[in-house]
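Colleague: Walk me through this one, please. I'd like to start on the surface and work inwards.

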Amino acid sequence: MKIASTLAALLGCCALLPAAAQPTRANAAAAAAAAQANTLRPGDHIAAVVNQELVTAYEVSQRLARARDEAGRNKQTLPPEAEFRRQVLESLIEDRAMLSHARESGVRVDDGEIDRAVASIAAQNQITLAQMRQQLARDGLDMARFRANIRDQMLTERVREREVAQRIRITDS
């Protein structure tokens, strides 16, 4: 199933979705859920701190495993373990910094947008939402975490779009 790869394609459509004008309880609840998901687990330790948000060793391990799986599916070779781990940690740090910047600058994604994104991903994979939940569960991901991932990716994309838009200068010639 291509749910993860479909997320990237979906982000291209996110530019057309309007941003929420005011903060909502749902956005605050999603931020709290994301913070809770980043809490330490027994035997876990902090790999990095980015703007008061933690990147845990557990998150690094998860990202390493997903990257290895992806590389295996695509028959790609990976760098040496130490370099690979460093790249993954840097990627997590960049992601966390971008999300922190998005939250601080007031970028919002409402639940309706996430609902449309989830429905679009299910439709692109030609499955129902119930089948998607089952597939996510088989992949070790619950719907709440999946929705939080979509929200994070949409926030990141909006920050990037804003940064690009601020750099574009149109002049009369």
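Colleague: What is the relative accessible area of Val-164?

Modeller: Bear in mind that this is a predicted model, where local features need pLDDT of at least 70 and side-chain atom pairs pLDDT 80 or more, while totals for chains, interfaces and linings use all residues. Residues are numbered from 1 along each chain as its sequence is written, and side-chain values use heavy atoms, with hydrogens and water left out. Buried means under 20% relative accessible area, exposed over 50%, and partly exposed in between, using a 1.4 Å probe and protein chains only. Val-164 counts as partly exposed because its relative accessible area is 49%.

Colleague: Which helix holds Val-164?

Modeller: Helices are DSSP runs of H or I with at least four residues, strands are runs of E with at least two, and both are numbered from the N terminus. The chain has seven helices and two strands, in the order α-α-β-β-α-α-α-α-α. Val-164 sits in helix H7.

Colleague: How far apart are the end C-alpha atoms of H7?

Modeller: The expected span is 1.5 Å times one less than the number of residues. H7 has 25 residues, so it should span 36 Å, and the model agrees: its end C-alpha atoms are apart by 36 Å.

Colleague: Which helix gives the largest share of the largest nonpolar core?

Modeller: A nonpolar core here is a set of buried Ala, Val, Leu, Ile, Met, Phe, Trp, Tyr and Cys residues joined through side-chain atoms within 4.5 Å. The largest has 17 residues, and Val-118, Met-132, Phe-146 and Ile-150 have the most contacts inside it. H4 (81–104), H5 (111–124), H6 (129–138) and H7 (143–167) each supply at least two of its residues. The largest share, six residues, comes from H7.

Colleague: How many residues are in the other core, the one with Val-50?

Modeller: That core lies apart from the largest one, and its members include Leu-64, Phe-84 and Val-88 as well as Val-50. Its residue count is eight.

Colleague: Leu-78 caught my eye. Leaving aside neighbours within four places in sequence, which residues is Leu-78 in contact with?

Modeller: Leu-78 is in the loop between H3 (57–73) and H4, and it counts as partly exposed because its relative accessibility is 38%. Arg-68 is 10 residues from Leu-78 in sequence and 7.7 Å away, C-alpha to C-alpha. Taking contact as heavy atoms within 4.5 Å, the partners of Leu-78 outside those neighbours are Arg-68, Ala-71 and Phe-84.
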